[in-house]
Amino acid sequence: MIESVRKKQPLVHHITNQVVMNFTANGLYALGAAPVMAHAKEEVEEMATVANALVLNIGTLTAEQIEAMIIAGKAANRAGTPIVLDPVGVGATSFRTESARRILDEVDIQMIRGNAGEVASLAGITMDVKGVDGAEGVDGVALASKAYEILNVPLAITGETDVLIDDHEKMTISNGDAMLTKVTGSGCLLSSVIASFLAVEQTLFSAANAVGFYGIAAERATEQARHPGQFQIALLDQLHQVSGQDVEKHIRLSKQFIGQGDHV
Amino acid sequence: MIESVRKKQPLVHHITNQVVMNFTANGLYALGAAPVMAHAKEEVEEMATVANALVLNIGTLTAEQIEAMIIAGKAANRAGTPIVLDPVGVGATSFRTESARRILDEVDIQMIRGNAGEVASLAGITMDVKGVDGAEGVDGVALASKAYEILNVPLAITGETDVLIDDHEKMTISNGDAMLTKVTGSGCLLSSVIASFLAVEQTLFSAANAVGFYGIAAERATEQARHPGQFQIALLDQLHQVSGQDVEKHIRLSKQFIGQGDHV
Amino acid sequence: MIESVRKKQPLVHHITNQVVMNFTANGLYALGAAPVMAHAKEEVEEMATVANALVLNIGTLTAEQIEAMIIAGKAANRAGTPIVLDPVGVGATSFRTESARRILDEVDIQMIRGNAGEVASLAGITMDVKGVDGAEGVDGVALASKAYEILNVPLAITGETDVLIDDHEKMTISNGDAMLTKVTGSGCLLSSVIASFLAVEQTLFSAANAVGFYGIAAERATEQARHPGQFQIALLDQLHQVSGQDVEKHIRLSKQFIGQGDHV
């Protein structure tokens, strides 16, 4: 799958937060995709129309930016372009929660990627959240079915174990490393990696493959770097190196088909 | 002290400049705090209220951002949350100087962290400033008393020797390395490190401890990295590693109690 | 030439995109210049007036930012300060193309630095563009004369071979490494490096020297780092290390004087 991404070099349009723009762009270049950041209302429709995927990330949202996201999202919908929503910090303020819900109301999202706290808040399921990277130790597997039922959008809930769900399947992936929690934007970059894979194939397996690829890159980076500065650099290097064969061999993925009413 | 920060993992709310957001967030994760960046007027009150500390940094200020800073600052004041103001580039333009003074007028700031040129400009003391990281070779010790008298806010004036002052004490810290001047946002990150420490204990000694901790991390980073690219990464790694014991052992701190009128 | 930059430490005012601000600032500190980022309409005139060079980069443009660029540009023109325009992604949306052309209409630009696709789009020459870093394999040498004739602004068209042109000369430089295309903002940083050199001497040779210096730094970085994470760091380290003697020895520059009508 990563080989197809590298071959296609999908153009991934981001309307994203100011903290992670540089790291996200470098991550996508490293793995072989082509990032573009553009958030002016005057140009997002045009950019989203030519892009192969769109990422909406509300980490440093403003009212104006939300408008731009909705314009871009509608354009992507018209073009059949997959959209990943990263609801950074939803639950921390009501502005974030309301903005993310408004996007979901007005735009057809192909995948939400967030941590357990963010997804729970978005779905209105009560949980404690600390900051934008909080909610550790939550059972993402149990949460996924409940949140999917409410939101009815394919989900990637990432944490110690990552859980992906749509209306057919539930998948868990247990690659990755705790060092990821020490690098800002590691979740945001994952959202963009998923978008790069969805640009090539719009399936839950494609997203799961992206999550596994990213987790394996993190595992290898940890072998090279034991502290967060070096780890951040090693992660970029590994995104450049991990192959499709590596993913096939090292992904720890388990699938579960969902029968009618199974996740209800 | 750093151990208490690592235990508490304070949530540090930033309204800060676009140049340093990523580096600041990574620095705080590395040392063990939890950064959050949020600047929309619609959410800063809520975010500042739940945070354990607030950093206001005017490095890429706009009129709208200053409004958000004042809203957040007032919320932090109501919640008793410590605020660090970083007056980046004050003196370089009148908009910066006026904006920083307006914040001081409307918000109760617990500490100003700046270089000698910035603090002097803020206090209206005449000095030459070059860019945002200028004013080397200035006697921060002499400046501190004069500026404190005018501003009446605890100060951390950083440079070759760092000087901290409040109404009780003056402290100098002589850790650190000149390589810090080669990394953008190294001063901004220090402001955030101070905020992380003030979130645990609101004393001048706590701030001094933050400055010493940061300087020791820089010294160790220089042992590993002789050029600015590698140094930046090594600094993050050292913020992750330097212990409370290291600080006690290696901090070069001298204190001076201030008698009545002593700094007048 | 780089020694003169290091001696003068020119203050380079940027109104630039949010993706590359940090990397650009670190790159300039590494080589010995003094970056400042400021984009508020209230202060750009003052900042551009004291700066030694101005960089206008439209990578994450907004309507408000374009206003600020024009205010700053006019101030720089009045002060005789050289301006480098980086037309990031021109051609990708009509807003970018129109904004860049509006800047050219209202401000006297000393150099445009872009890739072949961007420069061609700006000049209205038909080419295919992919993303903001696209248009590989284009003959920049052939493009340069045609684009210069239309735009009548000195150009640096960068790619596998870099081409610089003004009304007297055309120069090609063939230093650099393909790894640069794997790091976001490597072109943007080059624009700022050129601005730093023009701050010292406003000639085409000065800009060519900047391009050679940067390419040599990239070549050396590739010797140390074979993947994009490490390369990014090694590039900063090399910008700190490459000397004027290194440039003289390793620059692969060829010049061609332009006779009357020669580039028509």
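Let's start with helix α5 of chain A, residues 94–106, in this predicted model. Helices here are DSSP runs of H or I, at least four residues, numbered from the N terminus. The helix has 13 residues, so at 1.5 Å a residue it should span 18 Å. That expected span is 1.5 Å times one less than the number of residues. The end C-alpha atoms are 18 Å apart, which agrees.

Which residues of α5(A) are buried? They are A:F95, A:R96, A:T97, A:S99, A:A100, A:I103 and A:L104. Buried means under 20% relative accessible area, with a 1.4 Å probe and protein chains only.

Now the copies. Chain C lays on chain B with an RMSD of 0.0 Å, by a turn of 120° and a shift of 0.0 Å along the axis. That is the relation of a three-fold axis. The fit is least squares on C-alpha atoms of residues with pLDDT of at least 70 in both copies. In chain C, the C-alpha nearest the axis belongs to C:Q18, 3.8 Å from it. The copies use different surfaces: 11% of the contact residues of chain C recur in chain B. Contact means heavy atoms within 4.5 Å.

Next pair. Chain A lays on chain C with an RMSD of 0.0 Å, a turn of 120° and a shift of 0.0 Å along the axis. In chain A, A:Q18 has the C-alpha nearest the axis, 3.8 Å away.

Housekeeping. Residues are numbered from 1 along each chain as its sequence is written, and chains are lettered from A in the order in which they are written. Local features need pLDDT of at least 70 in this predicted model, while totals for chains, interfaces and linings use all residues.

Technical notes:
This is a predicted model: local features need pLDDT of at least 70, side-chain atom pairs count only at pLDDT 80 or more; totals for chains, interfaces and linings use all residues. Side-chain values use heavy atoms; hydrogens and water are left out. Helices (H or I, at least four residues) and strands (E, at least two) are DSSP runs, numbered from the N terminus. Buried means under 20% relative accessible area, exposed over 50%, partly exposed in between (1.4 Å probe, protein chains only).
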